[in-house]
Amino acid sequence: MSWLDLEKQLGGTWPAIRAARERANAQMERVRNVVTHGEAPIDSEDISVVVFGSLARGEWTSGSDLDWTLLIDGQADHRHALTAHELAKAIDAEHFRGPGATGVFGNMAFSPSLIHQIGGDDDTNQNTTRRLLLLLESRPVNRADAYDRVIKAILSRYLHDYRRFRVGIPHFLLNDLQRYWRTMCVDYAFKNRERSGTKWALRVIKLRFSRKLIFAAALLTCLRCDSTLLPVEDRDRLETLGVDGMVEHLRTHACRPPLEIMAEGLLQFGPPGTATKVLNAYDEFLERINDPHVRQTLEELSPFEEDNAVLKQLKDVGKRFQDGIVALFFDDSPALGKLVRSFGLF
């Protein structure tokens, strides 16, 4: 279902969301041109250039970074590093804002660690972030052969660990998503300390909006797999197809822009008032964060300036966004609320 169709069914229009999606589509074409028609075009079934963040979510704003990864699903080759280096140079030449300094993006990612190292000591924060953001907010730029294989393999890894397959909530995946949400919250505190509060205000606003949206959409996707919420025809089909069918079901429903997943959840479980509260707040967030003055203010605030008017306004909007999500998950639908209490907390 397209965003325009969702707006019609929800009975509203959100201009900042629409504008951000249009900007994202335009920027995606720029990136695709670099990857496929630049000085070193990338065309291989073993390599996909994947974008993340606001570009993948369809929420591009004036200060957005370009988070990208060279995803490799094939035999290791020393030339991969050169390809990543040349791609970084080509993207920089287009004057995109580069990825952050954490090293998660802007380089290579190999499929074995993403697929096989789920949990345990080898599943670093960086590996967890790459794996879950592949599922939650990513788009392939060029050939999607490698991307599609890795996505399906990751989902299969989560689902094949069941002793006996049954249609329902994918608990292994759900637990990893919950772990990642808490990791993002802890990571915010760590970066504040490590970087002496630099850009703390921008990070806290992102945590209250886009990061929270990613988790809420993922939680919705998992809970909607419960047999009591699936349409009868889908439940019967998945019972017949087994794990492979469930992988494809999650591939279809999870790997979409989080705002679309959220809007569908609001349609299914929430009254019009909740949908209006959630989407109005997110629309205002995108409008404000697209303002260069607002973004610069957030980037430059010190931790001692919590009373800044710009920050306080966005925190108020974030409170409305939070209240709408809480209403959706706990109050509006007894069926969804029961699942959240059963599986979302303990």
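**View 1. The largest cavity draws on α9 above other elements.** In this predicted model, α9 gives the most to the lining of the largest cavity, with 3 residues. Elements with at least two residues each in that lining are α6, α8 and α9. Here's the full list of who sits around the space: L135, L136, L155, L173, L177, A218, T221, C222, A254 and C255. By class that makes 9 nonpolar, 1 polar and no charged residues. The enclosed space comes to about 70 Å³, and the structure has 4 cavities of 30 Å³ or more.

**View 2. Y158, a buried residue in a helix.** Y158 belongs to helix α7, which covers residues 145-159. With a relative accessibility of 1%, Y158 counts as buried. Who does Y158 touch, once residues up to four places away in sequence are set aside? The partners are I118, R131, L132, L135, F172, L173 and D176. Two of these, L135 and L173, turn up again in the lining of the largest cavity. For a sense of scale, Y158 and T124 are 34 residues apart in sequence, and their C-alpha atoms are 17 Å apart in space.

**View 3. The largest pocket and its lining.** Now for the open space: the largest pocket has a volume of about 1,200 Å³. It is lined by 44 residues, and T102, K191, R203, K206 and R211 are the closest to its centre. Which helices supply at least two residues each to this lining? They are α3 (53-57), α6 (125-136), α8 (171-194), α9 (200-223), α13 (272-289) and α14 (292-300). α8 has the largest share, at 8 residues. Sorted by class, the lining holds 15 nonpolar, 13 polar and 16 charged residues.

**View 4. The second largest pocket, with α15 giving the most to its lining.** This pocket has a volume of about 400 Å³. Of its 15 lining residues, W181, R182, F215, L219 and F330 lie nearest the centre. Two or more lining residues come from each of α8, α9, α15 (309-331) and α16 (334-344). α15 gives the most, with 5 residues. The class count here is 10 nonpolar, 3 polar and 2 charged.

**View 5. Helix α16 and its two sides.** Take α16 on its own: its buried residues are L336, G337, L339 and V340. Why do they line one face of the helix? Looking down the axis of α16, these buried residues fall within an arc of 160°, so they line one face. They pack against α9, α12 (258-269) and α15. On the face turned away from the buried side you'll find the exposed residues P334 and K338.

**View 6. The largest nonpolar core, plus a separate one.** The largest nonpolar core has 91 residues, and the members that touch the most others are L134, L135, L298 and F329. α9 gives the most to this core, with 17 residues. Zoom in on L298 and leave out its neighbours within four places in sequence: its contacts are K199, A201, L202, I205, I289, V310, L311 and L314. Away from that, a second, separate core of 21 residues includes V34, W60, A84 and I91.

**View 7. Two loop residues with positive phi.** Most residues other than glycine have a negative phi. H95 goes the other way, with a positive phi of about 65° although it is not a glycine. Where is H95 found? It lies in the loop between α4 (79-93) and β3 (107-110). H95 is exposed, with a relative accessible area of 71%. K199, also not a glycine, has a positive phi near 60°. The loop between α8 and α9 is where K199 is found. K199 is partly exposed, at 34% relative accessible area. K199 is also one of the contacts of L298, the core residue in View 6.

Terms used
Residues are numbered from 1 along each chain as its sequence is written. This is a predicted model: local features need pLDDT of at least 70, side-chain atom pairs count only at pLDDT 80 or more; totals for chains, interfaces and linings use all residues. Side-chain values use heavy atoms; hydrogens and water are left out. On a 1 Å grid over the protein atoms alone, a cavity is a set of points where a 1.4 Å probe fits but cannot get out, and a pocket is an open set with protein on both sides within 12 Å along at least five of seven lines; lining residues have an atom within 4 Å of a point. Grid points are joined across faces, edges and corners, and a volume is the space filled by probe spheres set on the points. Helices (H or I, at least four residues) and strands (E, at least two) are DSSP runs, numbered from the N terminus. Ala, Val, Leu, Ile, Met, Phe, Trp, Tyr, Cys and Pro count as nonpolar, Asp, Glu, Lys and Arg as charged, and the others, Gly among them, as polar. Buried means under 20% relative accessible area, exposed over 50%, partly exposed in between (1.4 Å probe, protein chains only). The arc is that of the directions from the helix axis to the C-beta atoms. Contact means heavy atoms within 4.5 Å. A nonpolar core is a set of buried Ala, Val, Leu, Ile, Met, Phe, Trp, Tyr and Cys residues joined through side-chain atoms within 4.5 Å.
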